[in-house]
Number of protein chains: 2
Amino acid sequence: MIVELLNTGSELLLGQTLNTHARYLGRRLVECGLRISRQTTVPDGPEIQIALAEALARAHVIIVTGGLGPTSDDVTRDIAAGLLERKLHYDPAIFERIQERFARRGLTPPESVRAQAMVPAGAEVLTNDHGTAPGLYLQDSRGTGPSRHVFLLPGPPRELIPMFEALVLPRLKAMGGPPIAVRILRTIGIPESHLQERVEAPLRARFPEVEIGYCARPGEVDLRLIGASADTIQRAAAFAAADLGDAVYATGDENLEDIVVRLATAAGAHLATAESCTGGHVADKITSVPGASAIFLGATIVYSNQEKTRQLGVPAELIARHGAVSKEVAAAMAAGCFERTGADHAIALTGVAGPDPGTPEKPAGLCFIAHRSMRDASVKRHMFPPDRPAFKDAAAQAALDILRRRLILPPGIKEKSC
Amino acid sequence: MIVELLNTGSELLLGQTLNTHARYLGRRLVECGLRISRQTTVPDGPEIQIALAEALARAHVIIVTGGLGPTSDDVTRDIAAGLLERKLHYDPAIFERIQERFARRGLTPPESVRAQAMVPAGAEVLTNDHGTAPGLYLQDSRGTGPSRHVFLLPGPPRELIPMFEALVLPRLKAMGGPPIAVRILRTIGIPESHLQERVEAPLRARFPEVEIGYCARPGEVDLRLIGASADTIQRAAAFAAADLGDAVYATGDENLEDIVVRLATAAGAHLATAESCTGGHVADKITSVPGASAIFLGATIVYSNQEKTRQLGVPAELIARHGAVSKEVAAAMAAGCFERTGADHAIALTGVAGPDPGTPEKPAGLCFIAHRSMRDASVKRHMFPPDRPAFKDAAAQAALDILRRRLILPPGIKEKSC
């Protein structure tokens, strides 16, 4: 079963919008035993016709996103109807739903939204609970091969996702098979080529049917194993993980913040952060995990020197002597956070986020990360990428990795008695 | 000049990685007067050959990302050389650079990285300062048409971006023309169909050569104007903006956080946040803007009730009486933040982030946002989407919009004397 994804929208090609649909749909399809064999983006307009005709010639399932709205650049519905030779008819029930949506906001829909109530003959209407444009599902049995399934979905993620979950996923699950067995080993600290040299030959020898892939990120490499059966992948992953030891920080979809929240919850440990250069990015990551409220006490974001003193008790003279970006201030921030919040683990970060280059002694990218718990205190100097978003990300990952390592206690040692 | 982007990598289609290259490259190309006419993603492997051959038949400039690494799934270099009929030769200088990179970490490169030192005949090598795989630039003048330009770039963003900036962008600027004039009016509070009804006919009548597009996000719609000359677009944007009034919160690439930092800097106003449900997301957004340190004092992230009392002075009895998610507690958080930090504007948020459904009285999605300054105090009840990331985003946008509106002062009124 060949599946293609066609994303429409000039904003995607002009660099104004990130294509988050491709990631979301790719992941959900794997759970249906399906893989996207090709993803294409074309601008609003006649290019959609060319790309959709090509996809119809190659694939059994085609998911099209975008171009169902009420405005003049929304042409997907008409193009699909034309290619599949279906007449459009007006569905008054759709228009009524749209009217109701507008009425709830005290508005009347303009005439232009009637286009959204046009339905190609034989299409199933996929109700949109979060916007005006309904989705459409067309089955095409012309020709001699297996029938083709075309899903037209709205562009906005908050409309597409609930529609896909409720109305498309069940259909695809029925068409697909058991979920594709994918296992990701997320590793930290080993260059990609070394990782391959270490694991690939033994894996290939023992699990010849497993597909092996790699994906490198700053300081990290994902080892990806894909196979037909969950059991084989399970054994292949265990085999590789045993070799790689604690370089593997996660298997599967877990991020560092998921792991930190999971470990802290299991340990009954409370966390707090004191952040200067990351400006709340560590706290934001931790609190993006459902259930974080049970283990995360809070954070102090201390951008100014005064706030470092007021909120964390960092002595002003310490800042004056060593500078705000220093080992000493990081340690004092962690100590202040630990003492004042009563957290079991406090993490503090101070650094130069860029893009300003900083000074020769304290260049952009420099960061001190301190940790404080009942059991120990540490502070480490890092050099991260000097551009602001990469810096904040890398620093937050490093801070989370410290928490991860501290939360995995050697057997027999308790962080503190509860 | 037709430009296509070909992204390679199974991780993109399995939903493991977000394609950030498409957005980055799309935006940079616009500055060179070029637009991506089609973007395609294919998995690692033979599909690359099919997709690259198709792109070569359609486009003048083809940018390929990924598949240049040292591992077995990296096949882009070989496929491009094959399609362009170039022999590969070994370049010892590339291998030496790779050896140096490894040596800096005290490592020796494995034999497999020699593949990265293979160069197709006639290709220019694009040095990689942030990784081992060099990029490649191939010009193809076979056939009768204009020559084709193929850029092979590494997949990791932190390798691709500096390489593109230094070595590809100047070449594309020379090939392209003046930047394409694009102007985005970011609007808030008007449904997409109403926006079109209001602006499109007058715009078309007056600026028939301008291309009009729309892109909807939760609560927001972008109006996109594209034209040949900067002057026309400038006038068309001013024409539409005059009609839309303060529904337009930005023109161009500025985010709400950029605007807030810019306005606060101009006003000499200092900001601080007190966040419960957003967990630092507002602070993280503000501090992602270069220069934020001059106007952002800091934040208190108070997830627990104790921290609300300790860090912000919210009376415990107030929390007991009204609940942590209440108008009263939001106002007390803002007041505490305002008084303790000395900020000119303090924003406080408390809400139910989901995915837990909450209670009937306080369901997931409920959020109170309070603002406090010398001049006024306000608190407003909101219902945001009940899923956690959308909730945090929508709440942070609403908080930033309050700051934006407060920082745009009516003429003649000063927030406080400086």
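Me: A nonpolar core is a set of buried Ala, Val, Leu, Ile, Met, Phe, Trp, Tyr and Cys residues joined through side-chain atoms within 4.5 Å. Which residues have the most contacts inside the largest nonpolar core?

Reply: This is a predicted model, in which local features need pLDDT of at least 70 and side-chain atom pairs pLDDT 80 or more, while totals for chains, interfaces and linings use all residues. Residues are numbered from 1 along each chain as its sequence is written, chains are lettered from A and ligands numbered from 1 in the order written, and side-chain values use heavy atoms, without hydrogens or water. The largest nonpolar core has 74 residues. Those with the most contacts inside this core are Phe296(A), Leu349(A), Ile369(A), Phe296(B) and Ile369(B).

Me: Which residues, beyond four places in sequence, are in contact with Leu349(A)?

Reply: Contact means heavy atoms within 4.5 Å. By that criterion, Leu349(A) is in contact with Ala274(A), Glu275(A), Ser276(A), Cys277(A), Thr278(A), Val282(A), Met333(A), Cys367(A), Phe368(A), Ile369(A), Ala395(A) and Ala399(A).

Me: What relation holds between chain A and chain B?

Reply: Chain B is superposed on chain A (least squares on C-alpha atoms with pLDDT of at least 70 in both) by a rotation of 180° with 0.0 Å of shift along its axis, at an RMSD of 0.1 Å. That is therefore the relation of a two-fold axis.

Me: What percentage of the contact residues of chain B recur in chain A?

Reply: The two copies use the same surface. The share of chain B contact residues that recur in chain A is 100%.

Me: How far apart are the centres of domain 1 and domain 3 of chain A?

Reply: An automatic or database assignment sets the domain bounds. Chain A is divided into domain 1 (3-175), domain 2 (181-251) and domain 3 (256-407). Taken over C-alpha atoms, the centres of domain 1 and domain 3 of chain A are separated by 44 Å.

Me: Which residue caps the N-terminal end of helix 2 of chain B?

Reply: Helix 2 of chain B covers residues 20-31. At this helix's N-terminal end, a side-chain oxygen lies 3.2 Å from the backbone nitrogen of His21(B). The residue that provides this oxygen is Asn19(B).

Me: Which residue just after helix 2 of chain B takes a positive phi?

Reply: The buried residues of helix 2 of chain B include His21(B), Tyr24(B) and Leu29(B). Just after this helix, a positive phi of about 75° is taken by Gly33(B).

Me: Where in chain A is Asp140(A) found?

Reply: Asp140(A) touches residues including Leu84(A), Arg86(A) and Ser147(A). Asp140(A) is found in strand 7 (residues 135-140).

Definitions and conventions. Buried means under 20% relative accessible area, exposed over 50%, partly exposed in between (1.4 Å probe, protein chains only). Helices (H or I, at least four residues) and strands (E, at least two) are DSSP runs, numbered from the N terminus. The expected span of a helix is 1.5 Å times one less than its number of residues. A polar contact is a pair of N or O atoms within 3.5 Å; within protein, one must be able to donate a hydrogen and the other to accept it, and residues adjacent in sequence count only if both atoms are side-chain atoms.
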